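Trainee: I have the structure open and want to test the terms used to describe it. Can you take me through the reasoning behind each label?

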Amino acid sequence: MSTRRVTQLPAPPARPADGHKGTFGRTLIVAGSRGMTGAAGLCGRAALRGGAGLVYVATPEDCLDVVASYEPSYLTIPLPLSSTGDGFRLAADSLRERLETFSAVAIGPGCGQSAAIADVVVTFYAEARPPVVVDADALNILATRQDRLSTHGGPRVLTPHVGEFARLTGESMEAIAARREELAVDFAGRHGVVLVLKGPGSIVTDGQRLYVNTTGNSGMGTGGTGDVLTGLLAALLAQGMPAFEAAQLSVWMHGRAGDLAAQEHSQPGMIASDLPEHLCDVWKELRGGG
């Protein structure tokens, strides 16, 4: 089957004048651990700037105060015990019961790769009916369970950079650099997922369609920018966009926010926390107000 190249951006999600926070989706983000609380905060704030009605950040209870202080506009869910204990395993059971109440889920930023968090990742990937964005540490966990990649209960969007994609596929980074589009399309098609292969000219594919992004710059090569993309993507999914279209639009918006941030702060000087603020300007452009 030939792959169709897509160049036109999808329409952003509708924003009815009579909408309320329930209209625009409930987003669950499972993120953070000791030393990585910033990943949870960045992801949560990006989901809010992405238009989600309600954002819940689930993080280990010993990280909760730090994550909660980062942004007052999202809600927090304490995961029991510490991030170094078996709290995530206990949380898998408690969060599983609530999964169906969320419109979209994101998991992975700053979570670490303990056996406990691995239980949550595998459970959510296999069982969750809402769309799930899988990023960062969650990708590395799935790379050790490649037999599970094709078994999932709903839409899945995987967002690896080239190193994570190498672990997911077993290919060398050199082979991926030489055959990015081919390998991305094959992976997405075989596993029934949407793949966002991050990097200059990020690729979005569902195995049938292929989009190569045109926004962004090298200033985005700094810690935390991927966490922002994950939150934004989850927010678009929560607002009802199909997985491929949400991935395509989020990658473009993320890069465009990076371009605007570079204009204001310079490429060397910009940091990941600049991006959610510039998403406001990107929304204005998309909706004809800027």
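Trainee: Which residues does Val204 touch, not counting residues up to four places away in sequence?

Mentor: This is a predicted model, so keep that in mind throughout. Val204 touches Val194, Leu195 and Val196. The list goes on with Arg209, Leu210 and Tyr211. Phe244, Ala247, Gln248 and Val251 complete the set. To count as a contact, heavy atoms must lie within 4.5 Å.

Trainee: What makes Val204 stand out in the largest nonpolar core?

Mentor: Val204 is among the residues with the most contacts inside that core, along with Val157, Leu237 and Met253. The core has 51 residues.

Trainee: Which elements each supply at least two residues of this core?

Mentor: Helices H1 (37-49), H9, H10 (243-265) and H11 (274-286) do. So do strands S3 (54-60), S5 (104-107) and S8 (194-197). H10 gives the most, with twelve residues. A second, separate core has 43 residues, including Leu79, Leu149, Leu168 and Phe187.

Trainee: Why is the contact between Arg45 and Glu71 called a salt bridge?

Mentor: The closest N and O atoms of Arg45 and Glu71 are 3.1 Å apart. The cut-off is 4 Å, so the pair qualifies.

Trainee: What does the pair tie together?

Mentor: Arg45 lies in helix H1, and Glu71 in the loop between helix H2 (64-70) and strand S4 (75-79). The pair therefore ties together parts that are 26 residues apart in sequence.

Trainee: Why are Arg45 and Glu71 called buried?

Mentor: Buried means under 20% relative accessible area. Arg45 has 19% relative accessibility, so Arg45 counts as buried. Glu71 has 12%, so Glu71 counts as buried too.

Trainee: Which residues do salt bridges that share partners join into one network?

Mentor: Arg45, Arg49, Glu71 and Glu277. Across the model, the count comes to twelve salt bridges.

Trainee: How do you know whether Arg148 and Asp147 are buried or exposed?

Mentor: Set each value against the limits. Exposed means over 50%, and partly exposed lies between that and the buried limit. Asp147 is at 64%, so Asp147 counts as exposed. Arg148 is at 39%, so Arg148 counts as partly exposed. Their side chains meet in a salt bridge at 4.0 Å, N to O.

Trainee: What are the values for Arg179 and Glu182?

Mentor: Arg179 is at 34% relative accessibility and counts as partly exposed. Glu182 has a relative accessible area of 47%, so Glu182 is partly exposed as well. The side chains of Arg179 and Glu182 meet in a salt bridge at 2.8 Å, N to O.

Trainee: Why does Asp227 have no salt bridge?

Mentor: The nearest side chain of opposite charge, Lys198, is 6.9 Å away. A salt bridge needs a nitrogen and a carboxyl oxygen within 4 Å, so Lys198 does not pair with Asp227. Asp227 is buried all the same.

Trainee: Where is Asp227 found, and what does Asp227 touch?

Mentor: Asp227 is found in helix H9 (residues 225-238). Leaving out residues up to four places away in sequence, Asp227 touches Ala39, Leu42, Cys43, Pro109 and Asp135.

Trainee: Which residues lie nearest the centre of the largest pocket?

Mentor: Lys198, Met220, Thr225, Gly226 and His254, out of 32 lining residues. The volume of the largest pocket is about 650 Å³. H9 gives the most to its lining, with four residues. Helix H5 (137-143), H9 and H10 each supply at least two.

Methods:
Residues numbered from 1 in each chain as written. Predicted model: local features only at pLDDT ≥ 70, side-chain atom pairs only at ≥ 80, totals over all residues. Heavy atoms only, no water. Buried < 20%, exposed > 50% of the residue type's maximum accessible area, 1.4 Å probe, protein only. Lys, Arg positive; Asp, Glu negative; His and termini not counted. Core = buried A, V, L, I, M, F, W, Y, C linked by side-chain atoms within 4.5 Å. 1 Å grid on protein atoms, 1.4 Å probe; cavity = no way out; pocket = protein on both sides within 12 Å on 5 of 7 lines; lining within 4 Å. Points joined across faces, edges and corners; volume = space filled by probe spheres on them.
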